[in-house]
Structures are given as structure tokens and as C-alpha cells.
Amino acid sequence: KVESVAHVGEHAEFSKRSKEELEALIASIIASGASAVICKRGMGSLAMSMRACRGIFPIERITREADIRRLILATGAKAVGNPGSLSGKDLGKAALVEELATPNGHIVLIDGGPSSRAITVLINGVSTQTREMCRRGVETAAGAIASTIDCRRAVAGGGAAEAAASRHLQSLSLSFASKRQ
């Protein structure tokens, strides 16, 4: 509902109503037992009030739908359209929620969810080419690990199999008198 303020006397009443609505919303979030609130859009004064006075960690502007889905899967939470209707059964669980400073800005770390079976790897580099090369290396390594888990077999890495075969052939070649193949 959109309200307009025609003169100064109405402004004070509007501000009072706004503050009361904000307090009621925060009270319902506190009553749910939430210690962190994740939102797609900005929270503005709601976020500041939750952080400053209530000890609730607001995480705002999560714009990618895939990130929201991953958080839901990892924590077991339910997406709620109206924060005023939030209840304890909608909440997810995480052992740790903290904000970390990186050279490129701040990131939020959410760890220890009941069904978290994924990790996030942050790749940083001087240039786009360096980051892309590192990303390909990480994907190759993850693929090798997945293949090893699926096949339940492994060949020793770093050329160990080739070195062993070379040593064996070299010692075998010394047992022949001629160099003829």
C-alpha cells in the first residue's frame, strides 16, 4: 500500500507508523528464532536495526537465483515471501555465518549446514586469464577426484607409473647382450 504525505503534520504520523511496522516485523523475525536473515533485495533500515539492536545478521542483495537454491539445499531452510510470516519451521541451520573481508570486497561464509555437501572455491588472480587458468585447473582436479571415487581405482600420479615402467625396461634391457630390438 502506498501512502502520500500532504503536509508536515502527516509526516510525523507517517514516520511513527513506519517505525511501528518496522518494529513489528523485527519482533516477528526475533520470535522465529532467526540469527541471520537472507534477502534477495536490500533491507535498508530493517537491516541496520536488526544488526545494531537485535543481534541478527542481515545478508541482503543475493541476486542470483542459483545462490538462493544452494543456500536452501545446504541449510534446509524454506524460502519465505513475507518476513512477517517467518516461523521456526522455515529456518535452516548452519554452524557458522560470518562476513569475511577479501581484496575484492566482502563475502559471507555460511558453513556447517545439516545437508551441506558442497564447497565454494574462491579463485583470485591478477588477470582474467590467470583466474580462468586456475579455474580450469580446479575443475580438472575435481574431475579427477570424482573419477577416482566413481571407479574406486587410482594410478599413482606425477608420472610414477611411467617412471616405474621405464626403470623396469632399463633393467630388462641390460640383460640382453646386443642393442638390437
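1. D90 sits in the loop that runs between α3 and β3. This is a predicted model, so read every value here as computed from predicted atoms. D90 counts as buried because its relative accessibility is 7%, and buried means under 20%. Which residues does D90 touch, leaving aside those up to four places away in sequence? They are A77, K78, V80 and S85.

2. Two of these contacts lead on to a pocket. K78 and V80 touch D90. K78 and V80 are also among the residues that lie nearest the centre of the second largest pocket. V37, I38 and C39 complete that central group.

3. The second largest pocket holds about 900 Å³ of space. Its lining is made of 32 residues. Of the lining residues, 20 are nonpolar, seven are polar and five are charged. Strand β1, residues 36-38, supplies at least two of the lining residues, and so does α3. Which element gives the largest share of this lining? It is α3, with four residues.

4. The largest pocket contains about 1,300 Å³ of space. It is lined by 36 residues. Nearest its centre lie V108, L109, I110, T120 and L122. Three elements give two or more residues to this lining: α3 (65-75), β3 (96-102) and β4 (105-111). The top contributor is β4, which provides seven residues.

5. What is the make-up of the lining of the largest pocket? It divides into 17 nonpolar, 11 polar and eight charged residues. Helix α3 deserves a second look here. It gives two or more residues to the lining of the largest pocket, and it also supplies residues to the lining of the second largest pocket.

6. T75 belongs to helix α3. Is T75 buried or exposed? It is buried, because its relative accessibility is 13% and the limit for buried is under 20%. Not counting residues up to four places away in sequence, T75 touches G92, K93, I110 and P114. One of these, I110, is also among the residues nearest the centre of the largest pocket.

7. The side chain of T75 has polar partners in the backbone. One of its polar atoms lies 2.7 Å from the backbone oxygen of L71. A polar atom of the T75 side chain is also 3.4 Å from the backbone nitrogen of A77. A77 appears again among the residues that D90 touches.

8. How many salt bridges does a search of the whole structure find? It finds eight. The next points take some of them in turn.

9. R17 and E13 meet through their side chains in a salt bridge, at 3.8 Å from N to O. Both are in helix α1, residues 8-32. They are four residues apart, so about one helical turn separates them. R17 is partly exposed, as its relative accessibility is 28%. E13 is also in the partly exposed class, at 42%.

10. R61 pairs with E60 in another salt bridge. Their closest N and O atoms are 3.3 Å apart. R61 is exposed because its relative accessible area is 55%, and exposed means over 50%. E60 is partly exposed, with a value of 29%.

11. E132 and R135 form a salt bridge with closest N and O atoms 2.1 Å apart. Where do these two residues lie? Both are in helix α4, residues 128-151, and three residues separate their positions, about one turn of the helix. E132 has a relative accessible area of 29% and is partly exposed. R135 is partly exposed too, at 31%. Elsewhere, R64, D67 and R70 are joined into one network by salt bridges that share partners.

12. A165 lies in helix α5, residues 160-173. It is partly exposed, with a relative accessible area of 39%. How far apart are the C-alpha atoms of A165 and L73? They are separated by 47 Å, and the two residues are 92 residues apart along the chain.

Key:
Residues are numbered from 1 along each chain as its sequence is written. This is a predicted model: local features need pLDDT of at least 70, side-chain atom pairs count only at pLDDT 80 or more; totals for chains, interfaces and linings use all residues. Side-chain values use heavy atoms; hydrogens and water are left out. On a 1 Å grid over the protein atoms alone, a cavity is a set of points where a 1.4 Å probe fits but cannot get out, and a pocket is an open set with protein on both sides within 12 Å along at least five of seven lines; lining residues have an atom within 4 Å of a point. Grid points are joined across faces, edges and corners, and a volume is the space filled by probe spheres set on the points. Ala, Val, Leu, Ile, Met, Phe, Trp, Tyr, Cys and Pro count as nonpolar, Asp, Glu, Lys and Arg as charged, and the others, Gly among them, as polar. Buried means under 20% relative accessible area, exposed over 50%, partly exposed in between (1.4 Å probe, protein chains only). A polar contact is a pair of N or O atoms within 3.5 Å; within protein, one must be able to donate a hydrogen and the other to accept it, and residues adjacent in sequence count only if both atoms are side-chain atoms. Contact means heavy atoms within 4.5 Å. A salt bridge is a side-chain nitrogen of Lys or Arg within 4 Å of a carboxyl oxygen of Asp or Glu.
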